[in-house]
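The exercises below are meant to be worked through with the sequence and the coordinates side by side. Try each task before reading its solution.

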Amino acid sequence: MNAEKTVPAAADPAPPQDAPGLSSSELARYGRHLSLTEIGAAGQARLKAARVLLVGAGGLGSPAAMYLAAAGVGTLGLVDFDTVERSNLQRQILFGEGDVGRRKLDAASERLAGINPHVRLQMHDKRLSAQNAEQIVAGYDVVVDGTDNFATRYLVNDVCVHLGIPNVYGSVLRFEGQASVFAAPGGPCYRCLFREPPPPGLVPSCAEAGVMGVLPGIVGSIQAAETIKLITGAGQPMVGRLLLLDVLTMAFRSIEIRRDPQCPACGTREITVLRDYDEYCDGRPATGDAGSVAPAEITPGDLADRLGRGDPVMLLDVREDVEWRIGHISGARLVPLRSLPSALGTLPVEREIVVYCHHGTRSRAATELLAANGYRVSNLVGGIDRWSREVDPSIPRY
């Protein structure tokens, strides 16, 4: 059932004279915040007055919701339409064994009310869509993106840009995570990094590739911290920065990202109507007769040997610019996959082209397109991630 439900906050006694807006029980609860000069009574009052929407009550939404409730965010909204499955319990800490089969929002409202009865909960038991996104998101101060699919991620970005609401982004896959703050005043949005959703199959889902259970907890907690900073004004939110983390090596690094004046969402403002991306993400882009061509593959070790011998091989990187700036193979040329069809005429037909991406999936789609257009081409198996592990460890893994 697609329903809206509001769980009111518990009634409070009158606020003390020295901390207007905060009751005696809240002063006791939030004492460790009040002792921080960067937050204090004024910041805690801003948290109490704030309205935060979490899109998705899963791996990222669970820790974010719990910490934001504990922090005293006055109104906490959750958008989800799913039920709890046993496979969720490895990482979605809002839920326990007794919640399997229940609506996620029913279980989440009980858990969050138990954490902090002062928080007013608004449960949006429906799928976020182009038809309802603006209505749901309007009126919130911050949106926390806990989605696990590209269709909803782009919709969240576009509605946040349209309404001028900061979008606290997080994503996880296997042992790697990312976080940033998009659509803040003067800062970039998600489309400044990744212009369009990738074709299906290029990026595996967590269900396909797996995810270490604690990783969403780390990233979701970072999202909660960024949300608190945005509301209270404490510190420097990650506007214009992308945080990358790898829990296998426990390496954290941050790279600068810039607002793209040609971005169709926050730059040229070409995107004026919200759109559902399910259809886009469910159909592969046209690539001629690429499906009938089986391009060759090459391992990092074999490629290193050929480059060492001086073979006239062209290296083609089909990742995005932000990934290129993290690290790339020396001598390669960057042509993002989305730009490859228009760049075909600029590539040398007389040389063999070795294509690579992060893990080898996008590059395979690129090799199919190139092979279908008459190029001699090979796909680097395992992408730059395997190249870093086996050939050049100076290239950062992400």
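**Exercise 1.** Which residues does L78 touch, not counting residues up to four places away in sequence?

*Solution.* In this predicted model, begin at L78 and set aside the residues up to four places away in sequence; the residues touched are then L53, L54, A57, L105, A108, L112, Q122, M123 and H124. Next, place L78 in its wider setting: L78 is listed with V52, L68, L76 and L112 as the residues that have the most contacts inside the largest nonpolar core, which has 31 residues. Then ask which elements supply that core: two or more residues come from each of β2 (51–55), α4 (61–71), β3 (75–79), α5 (104–115), β4 (120–125), β5 (142–145) and α10 (214–232), and α4, with six residues, gives the most. Finally, keep this core apart from a second, separate one of 23 residues, which includes L53, V137, L155 and V161.

**Exercise 2.** Identify the buried residues of helix α3 (residues 40–49) and explain how they are arranged around its axis.

*Solution.* The buried residues of α3 are G40, G43, Q44 and L47. Viewed down the helix axis, these residues fall within an arc of 100°, and therefore they line one face of α3. As a last step, look for their partners: the buried residues of α3 pack against α2 (31–34), α4 and α10.

**Exercise 3.** Decide where the pLDDT falls below 50.

*Solution.* Start from the whole protein, whose mean pLDDT is 89, with 89% of residues reaching 70 or more. Against this background, residues 13–17 have pLDDT below 50, and this stretch has nine contacts beyond near neighbours in sequence. Residues 280–293 also stay under 50, with 23 contacts beyond four places in sequence in the model.

Notes:
Residues numbered from 1 in each chain as written. Predicted model: local features only at pLDDT ≥ 70, side-chain atom pairs only at ≥ 80, totals over all residues. Heavy atoms only, no water. pLDDT = per-residue confidence, 0-100. Contact = heavy atoms within 4.5 Å. Core = buried A, V, L, I, M, F, W, Y, C linked by side-chain atoms within 4.5 Å. Buried < 20%, exposed > 50% of the residue type's maximum accessible area, 1.4 Å probe, protein only. Helix = DSSP H or I, 4+ residues; strand = E, 2+ residues; numbered from the N terminus. Arc of directions from axis to C-beta.
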